[in-house]
Amino acid sequence: MADRQTLTHLERLESEAIHIMREVVAEATNPVMLYSVGKDSAVMLHLARKAFYPSPPPFPLLHVDTTWKFQDMYALRDKMATESGMELLVYQNPEAAEKEINPFDHGSLHTDMWKTEGLKQALDKYGFDAAFGGARRDEEKSRAKERIFSFRTASHGWDPKNQRPELWNLYNARKNKGESIRVFPISNWTELDIWQYIHLNNVPIVPLYFADVRPTFEWEGGLFMADDLPRLEKVLGYRPEITERSIRFRTLGCFPLTGAVESTAKTLPEVIQETLLTTTSERQGRVIDKDAGGAGMEVKKQQGYF
Amino acid sequence: MTSGDVIYQTEALIAEDIDAYLEQHQHKTMLRFITCGSVDDGKSTLIGRLLYDSKMIFEDQLTALENDSKKVGTQGQEIDFALLVDGLAAEREQGITIDVAYRFFNTEKRKFIVADCPGHEQYTRNMVTGASTADLAVILIDARKGVLVQTRRHSYLCHLIGIKNIVLAVNKMDLVDYDPVVFDAIVKDYAEFARSIGIESFTALPISGFKGDNITTRSANTPWYKGPTLVDHLETVEVLSSVDADKPFRMPVQWVNRPNLDFRGFSGLIATGSVKPGDEIRVLPSGKTSTVTRIVTLDSDLDQAVAGQSVTLCLADEVDCSRGDVISLADNPPQAADQFEATLVWLNDEAMLPGRAYWLKLATQTVSVTVQQPKYVVNVNTMEQLAAKTLELNAIGVAEIATDKPLVFEAYGDNRTLGGFVLIDKMSNATVAAGMLNFSLRRAQNVHWQALDISRDAHAALKRQKPKVLWFTGLSGSGKSTIANMVEKRLHAVGKHTFLLDGDNVRHGLNKDLGFTEADRIENIRRVGEVAKLMTDAGLIVLTAFISPFRAEREMVRTLMAEGEFVEIFVDTPLEVAEARDVKGLYKKARTGQLKNFTGIDSPYEAPEKPDFRIDTTREKPEDAAERIVNELLGWAPTI
């Protein structure tokens, strides 16, 4: 406690995120927190509980579900909603469900329909005017230039050339008719900060982040986990060859879109160690960024992807 | 030990003792800085280099970078670090950075957030944005070019925003053969300029972002340079939040936490100073005092909290305190005032309009504010103070501002949180300006509101009526005066005390000094609004007939009046019809260019979105419209 005057970087990041969340609650009419059950969502939820304690966070959690998440993710989602005392809203795009859209037959259409369209539909359905998201500026190049309060048109489009200047910690939350706001409280966190915060605060995360022996198969050059073999067999049209391997996941999305890595890291420090020493970046496991060359994410966002 | 060794040792530590590494990382502090310079000074290359040298680039990113470098790079077959940080697709094609981008890297001692700020003149607003959260600024200079106009502009902006730590990075030293004479000449030149604008000190470094000289490791190419490397310097300068912790305690209240009847806490981010349970505090602007009982967090109560922490405070007494109030040390509170001198940086394509009401957001306070014509604007290239009527995009000026409610404040130089603000356009909701309060004006402190014994209710009661403002708006020649006149005659006939303020008539007296520019039109309406307000205080029913083309000013007048007192009547005559009538011959003059700024021709009319009355004069006769207004008014308020 010799130098209590200087806060650590994690204390400053935490404080900034809490400040942002409180500003939104004070100024928005109908906020919601997007919850994808990944590690960033876990940190977001923890920060929200800190920001409003002893009150429960005064907004619901929204999970835009694709029906293709790992079973462990659904389990943790339901547990955390109960524990935090928050309302959990689960939305599945009925059109995608009807057409049985899946990542194997439909490629990037899977993301478009379930996630991009699903998110738009859910926000419109409940009339949310501000949605918290866990995106970070270090994830991807176009994110590095996005504001913390990022405005979307009535059709949920993003205009990178026309962003409001954000000075000091003053956020202008005033919307025009039909506009909504995406708010990114952990914009300034890096992947390492997220891990360290989870470590220091014992934030519950999905066990798939830790290595374990799991059933895997190879598909289009990547290593994947067979989370629901009968369903997998149905959409693939064949029974993939299953090998038991010690694997874990660096990011969690839909199980066939998320590549696994072979690993033996069973504890958080080991996971962090592996992350720091690894030489491939976090999002590489995700197929989504590679669409449309270098500008993949920017194009997706202009269309309304989170 | 050089920084290269540090990186190697860090990697070894991660591999051998991850717990020790995490322990070290956990205690790192954070420094935010900006890089600024002209278009080709090598900002993106320098940042790319910092990321590369601190191992923040992964193998797959490196492969992509190598491919991109060959395809679109500007460095031949060598790695073009700039491609790492030039984010948006549009920018990559144009080869320029057009928006603030934020980057992250770590060293053994600190985490860094870099705001990459563009060098183009039209993007001053981005630089000010990046500078507003920075502890330090790195000003890049191309060693071949020396101090340029942009260098001066960026330095001035950094100084204006209050950045105390300035690093002068003389870049591309490799292209001048690491010549100390070149370096010394540039430093001397810059020192002279820095002194002239009030920069007290700066640190100068000879570097090459492209080759890596003096970035993380001391360069063998500059044996004559004895100072620190760039990273050494960044790791050791004092961060802003520790400076703020030594100031008196202030916390703007963001949100009142009230989960049940037994708990009432005040949540906020501590702007300056520190707080402990038992501290005597004062709530502003009310001035009520109390004692802090608890500092509540999810983990446990705290013994102390300091500047930069987001906390929830509980107080011993049931004091009135809500969002926008400021909790401060009891015996050293900030002041409240409603008139100030402020420095403004205009950030919007639409120029500032003197007299127009904007929203002002300062900490958690949002008030309505009007800005006077600027005292002067600063030419950021020459630092000259010039006369100006307005502030255009990227202009920096000093002006007096007046708020509609007292603002708890401190001068920006003493407290960024209680002195820095943004202005928001009430119609477009755009953030149009950033501002810094310099000081409050004495007249605001000394002119007090005189309490009078005969109240406005007493005036109205004697007349047996409820005061109203019937605000007629519409194009020239739409029929405002005609209908207003008929309404007044009818009200007068039933014994109501009325007064009609007519646009043309007022311009013969009270407003004869005003013309028809946008600014003068706003002032015209402001004065009429104030006069109408005095008349309603006297108990009168006021009718006004003014074009009053701007929504913002009509809204401003509405907010002057008591709830329900302002009745907006839109005399809706299409332009073709009004022009065809052309009772005063004005449209003809406007069309032939003899009359400038004529509403509907070369000056806009913003129609009311939800008027209380809309009169379509192509369908409704003036007599019928007047009848309808009077009947409905009498029906609304039987005592009229």
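pLDDT is the predictor's confidence in each residue, on a scale from 0 to 100. In the predicted model described here, pLDDT remains under 50 across residues 1–7 of chain B, a segment for which the model has 12 contacts beyond four places in sequence. Where pLDDT is low, the predicted coordinates should not be read in detail. For chain B as a whole, the mean pLDDT is 86, and 88% of the residues reach 70 or more. Among the elements of this chain, the lowest mean pLDDT, 50, belongs to helix α6(B), which covers residues 89–94, and the highest, 98, belongs to β7(B). The scores of the model are ipTM 0.88 and pTM 0.79.

Chain A comprises 306 residues, of which 53% count as buried. Its secondary structure consists of 10 helices and 10 strands. Among contacts in chain A between residues at least 6 apart in sequence, 77% link residues that are at least 24 apart. The chain is divided into domain 1, made of residues 10–196 together with 296–302, and domain 2, made of residues 206–289. Taken over C-alpha atoms, the centres of these two domains of chain A are separated by 24 Å. Their contact involves 23 residues of domain 1 and 21 residues of domain 2. On the side of domain 1 of chain A that touches domain 2, two or more residues are given by each of α3 (71–84), α5 (103–106), α7 and α10 (296–302). Helix α3(A) provides the largest share of that side, 4 residues. By residue class, the same side of domain 1 divides into 10 nonpolar, 6 polar and 7 charged residues.

The contact between the two chains takes 55 residues from chain A and 61 residues from chain B. On the side of chain A that touches chain B, at least two residues are supplied by each of α1 (9–27), α2 (39–52), α7 (191–201) and α9 (268–277) of chain A. The largest share of this side comes from α1(A), with 11 residues. The residues on the side of chain A comprise 20 nonpolar, 19 polar and 16 charged. Helix α7(A) thus appears both on the side of chain A that touches chain B and on the side of domain 1 that touches domain 2 within chain A.

In chain B, 7 strands form an open, antiparallel sheet in the order β7-β15-β11-β12-β14-β9-β8. Strands β7 (250–252) and β8 (255–257) of chain B stand at the edges; each has a single partner strand, and therefore one side of each is left without a neighbour in the sheet. From one strand to the next, the twist averages 40 degrees. Within this sheet, β11(B), residues 280–284, pairs with β15(B), residues 326–329, in the antiparallel sense over 4 bridges. Ile281(B) stands opposite Leu329(B) of β15(B). The loop between β11 and β12 (288–296) of chain B contains Pro285(B), and the peptide bond from Leu284(B) to Pro285(B) is cis, with omega near 10 degrees.

Elsewhere in chain B, Ile186(B) lies in helix α9(B), residues 180–197. Ile186(B) counts as buried because 22 C-beta neighbours lie inside 10 Å, the cut-off for burial being 20 or more. Leaving aside neighbours within four places in sequence, Ile186(B) is in contact with Ile141(B), Ala143(B), Gly146(B), Val147(B) and Val170(B). Of these partners, Gly146(B) is 40 residues from Ile186(B) in sequence, while the C-alpha atoms of the two are 5.7 Å apart in space.

Several further backbone features were identified in loops. In chain A, a cis peptide bond with omega of about 5 degrees joins Tyr53(A) and Pro54(A); Pro54(A) is situated in the loop between α2 and β2 (61–64) of that chain. Glu100(A), which is not a glycine, has a positive phi of about 50 degrees. This residue is placed in the loop between α4 (94–98) and α5 of chain A and is exposed, with 11 other C-beta atoms within 10 Å. A positive phi, near 75 degrees, is also found at Asn394(B), again in a residue other than glycine. Asn394(B) belongs to the loop between β20 (385–386) and β21 (396–409) of chain B. With 18 other C-beta atoms within 10 Å, Asn394(B) is partly exposed.

Conventions. Residues numbered from 1 in each chain as written. Chains lettered and ligands numbered in written order. Predicted model: local features only at pLDDT ≥ 70, side-chain atom pairs only at ≥ 80, totals over all residues. Pairing = 2+ DSSP bridges. Axes fitted to C-alpha atoms, helices over the stretch in contact; angles between N-to-C directions. Contact = placed C-beta atoms within 7 Å. Nonpolar A, V, L, I, M, F, W, Y, C, P; charged D, E, K, R; others polar. Buried ≥ 20, exposed ≤ 12 C-beta atoms within 10 Å, placed from the backbone. Domains from an automatic or database assignment.
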